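Open the model in your viewer and keep the sequence panel in sight. This tour moves from one selection to the next.

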Amino acid sequence: MSKKVFISFGIVIVFLAVIVPFLVFDSNGAADSNGQEVPAGLKTGQELFEINCGTCHTLYAAGTDGNYGPDLDELLAPTGPPEGPKAASTIKGTKGRVLNAIEHGIDSELPGRMPAGILNSVQAHEVAEFVATVAGRG
Ligand code: HEC
């Protein structure tokens, strides 16, 4: 084996042994920081959303781009000034709508619609609070 081939081979080995695991590790590490940075109280809701809802729904703050169901940033964007925090009453109203969708689904007896009961009630509240607070922001 010529010296050049030997060195190239060495570089490939180093790549496989060091760089690949590093890249894999790095992407795992980044898995839960796909979305926007959110207040601590919304983190559980964000994670639950990524896992349970993100395959079907786009939501910027969760870093998801599902397109089976509606884009929740568009659907749930608040009316009024586009910047700044939402009014508490807006969040409350949107939360009720999201909770209703999670608990009852939307025409969930029909195929291809939003399924009911994906989450237990504690989780449903966490996700609804998260979605209601962030949708349409970002
Ligand atoms: C299997 C795909 C799928 C999953 C998973 C899913 N949804 Fe949906 N969702 C839909 C579809 C489709 C619609 C549109 C309504 C319809 O046609 O059933 C919808 C509608 C909605 C709506 C709008 C309801 C309204 O008032 O107009 C909200 C809010 C919603 N989903 C939130 C969620 C949340 C939160 C989760 C996770 C707990 C979730 N969805 C998981 C498919 C899904």
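Leaving aside neighbours within four places in sequence, which residues is glutamine 46 in contact with? Select glutamine 46 and look around: the contacts are Gly35, Gln36, Val38, Ala61, Ala62 and Phe130. Contact means heavy atoms within 4.5 Å.

Two notes before moving on. This is a predicted model, in which local features need pLDDT of at least 70 and side-chain atom pairs count only at pLDDT 80 or more, while totals for chains, interfaces and linings use all residues. Residues are numbered from 1 along each chain as its sequence is written, and side-chain values use heavy atoms, with hydrogens and water left out.

**Stop 1: helix 2**

Stay on glutamine 46. It lies in helix 2. Glutamine 46 is buried, at 4% relative accessible area. (Buried means under 20% relative accessible area, exposed over 50%, and partly exposed in between, using a 1.4 Å probe and protein chains only.) Now add valine 127, 81 residues away along the chain. The two C-alpha atoms are separated by 6.6 Å.

Widen the selection to residues 43-52, which is helix 2. Its buried residues are Gly45, Gln46, Leu48, Phe49 and Glu50. What covers them includes strand 1 (58-59), strand 2 (64-65), helix 3 (72-75) and helix 5 (121-134).

**Stop 2: the whole chain**

Zoom out and colour by secondary structure. There are 5 helices and 2 strands, in the sequence pattern α-α-β-β-α-α-α. Helices (H or I, at least four residues) and strands (E, at least two) are DSSP runs, numbered from the N terminus. Of the 138 residues, 30% are buried. Among contacts between residues at least 6 apart in sequence, 54% join residues at least 24 apart.

**Stop 3: the iron atom**

Select the iron atom of the ligand. Which protein donors does it have? They are His57 (NE2) and Met114 (SD), lying 2.0 Å from the iron. Donors are N, O and S atoms within 2.8 Å of the metal (3.2 Å for Na, K and Ca); water is not among the atoms, so sites may look incomplete.

Histidine 57 sits in the loop between helix 2 and strand 1, and methionine 114 in the loop between helix 4 (88-104) and helix 5. The pair is 57 residues apart and links distant parts of the chain. Histidine 57 is buried, at 9%. Methionine 114 is partly exposed, at 21%.

**Stop 4: the largest pocket**

Show the largest pocket, with a volume of about 490 Å³. On a 1 Å grid over the protein atoms alone, a pocket is an open set of points with protein on both sides within 12 Å along at least five of seven lines; lining residues have an atom within 4 Å of a point. Its volume is the space filled by probe spheres set on the points, which are joined across faces, edges and corners.

Select the lining: 25 residues, of which His57, Pro70, Ala101, Ile106 and Met114 lie nearest the centre. Helix 4 gives the largest share, 5 residues.

**Stop 5: the loop between helix 4 and helix 5**

Click isoleucine 106, in this loop. Isoleucine 106 is partly exposed, at 39%. Not counting residues up to four places away in sequence, isoleucine 106 touches Ala101, Arg113 and Met114.

End on aspartate 107, in the same loop. Aspartate 107 has a positive phi of about 45° although it is not a glycine.

Technical notes
1 Å grid on protein atoms, 1.4 Å probe; cavity = no way out; pocket = protein on both sides within 12 Å on 5 of 7 lines; lining within 4 Å.
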